[in-house]
Amino acid sequence: MRRIVLATLLALVTPLMATATEEQVVLGLSRDRVAITADFDGSDILIFGAVKRETPIPQGDPLQVIVAVSGPSTPVLVRRKEKKLGIWVNTDSVLVDSAPSFYAAATSAPFSQALSDTEDLRHKVSIKRAIRSVGADMNIADAQEFTRAVVRIRQNEGLYSIRENTVAVDEQTLFRTEIDMPANLTEGEYVARIFLTRGGKVVSNFQTTIDVRKVGLERFLFNLAHQQPVLYGLMSLAIAIAAGWGASAAFRALRGN
């Protein structure tokens with residue numbers, strides 16, 4: 001199991017905020033790349049940071065922290081199967097416009113307490129808001145069921161999760177959490193977003209990226225399969241023939257002994 005750390009570097013990193021607020025996230029990257037190799041079996045992302053203030057800690061609602069990590073988003077075609085005359089056949093289909101390949105959100109409190117529905121609609125933090133589906137055919141009944149099917153399938157695969165009460169917040173200043181990433185990651189840029197909230201309202205946020213790429217032999221085979229499919233097919237055929245011949249020769253040798 002590999003570990004990738006997004007660490008706070010208070011002395012080295014200046015927070016990049018669009019507007020000045022009383023509380024700001026300070027976050028830096030100790031490593032901004034994940035390498036997918038032959039023995040890659042997933043990663044733990046350790047995310048921790050601090051809150052920069054120029055005034056005393058505000059009174060009232062306590063500070064809550066939400067950390068959301070999302071993979072590349074792509075359209076997903078979802079089909080519904082029905083049994084007709086004893087055979088399962090595809091019937092309706094819906095194209096979900098955009099669904100992240102991976103999505104995990106960790107919170108320091110129950111999600112409904114950490115973020116209001118209005119702020120969730122604005123920032124698209126929950127799983128249902130991170131998926132966009134607006135092009136369903138009006139003739140298809142229960143079109144939202146197709147979106148829920150995507151969520152359900154990817155939750156079962158460990159690709160989607162909401163992890164409540166898993167962000168530790170110390171003295172309303174330091175925060176820390178771990179997010180598990182499975183072995184079946186999709187290549188691309190993964191976006192990490194950190195939200196500071198009070199009373200369900202976002203008071204500050206920060207965003208950075210992690211680059212996830214295949215390396216070594218995996219990168220070579222991936223590029224070969226996509227850029228030169230004929231050569232990849234011939235090479236696969238040659239390997240299969242050589243493996244079959246080798247197994248046959250070994251079997252004959254064993255029988256001869």
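This is a short tour of a predicted model, with a few selections to make in your viewer along the way.

**Stop 1: strand β2**

Start by selecting residues 23–26, which form strand β2. Show the side chains and turn the view until you can tell the two faces apart. In a regular strand, side chains alternate between the two faces of the sheet. Here, Glu23 and Val25 point one way, while Gln24 and Val26 point the other way. Which of these residues are buried? All of them are.

Now add strand β4, residues 43–53, to your selection. The two strands run antiparallel, and four bridges join β2 to β4. To find your place in the pair, pick Val25 and look across to Val51 in β4, which stands opposite.

**Stop 2: Gly71 in its loop**

Next, select Gly71, in the loop that links β5 (63–70) with β6 (73–84). Is Gly71 buried or exposed? Its relative accessibility is 6%, so Gly71 counts as buried.

What surrounds this glycine? Setting aside the neighbours within four places in sequence, Gly71 is in contact with Pro100, Ser101, Phe102, Glu189 and Tyr190. Colour those five and you will see who keeps Gly71 company. Then add Ile210: Gly71 and Ile210 are 139 residues apart in sequence, yet their C-alpha atoms are 9.3 Å apart in space.

**Stop 3: the largest pocket**

For the next view, select Lys124, Arg129, Ala130, Ile131 and Arg132. Of the 13 residues lining the largest pocket, these lie nearest its centre. The space inside comes to about 260 Å³.

Which elements build the lining? β7 (87–100) and α3 (127–130) each supply at least two residues, and the largest share, three residues, comes from α3. If you colour the lining of this pocket by class, you will find five nonpolar, three polar and five charged residues.

**Stop 4: the second largest pocket**

Finish with the second largest pocket, whose volume is about 180 Å³. To show its lining, select Ile127, Lys128, Ile131, Ser133, Gln144, Thr147, Arg148, Val151 and Gln155. You may recognise Ile131 from the previous stop, where it was among the residues nearest the centre of the largest pocket.

Helices α3 and α4 (144–156) each give at least two residues to the lining of this second pocket. Which of them gives the most? That is α4, with five residues. Coloured by class, the lining here shows three nonpolar, four polar and two charged residues.

Notes. Residues are numbered from 1 along each chain as its sequence is written. This is a predicted model: local features need pLDDT of at least 70, side-chain atom pairs count only at pLDDT 80 or more; totals for chains, interfaces and linings use all residues. Side-chain values use heavy atoms; hydrogens and water are left out. Buried means under 20% relative accessible area, exposed over 50%, partly exposed in between (1.4 Å probe, protein chains only). Two strands pair if DSSP finds at least two bridges between them. On a 1 Å grid over the protein atoms alone, a cavity is a set of points where a 1.4 Å probe fits but cannot get out, and a pocket is an open set with protein on both sides within 12 Å along at least five of seven lines; lining residues have an atom within 4 Å of a point. Grid points are joined across faces, edges and corners, and a volume is the space filled by probe spheres set on the points. Ala, Val, Leu, Ile, Met, Phe, Trp, Tyr, Cys and Pro count as nonpolar, Asp, Glu, Lys and Arg as charged, and the others, Gly among them, as polar. Contact means heavy atoms within 4.5 Å.
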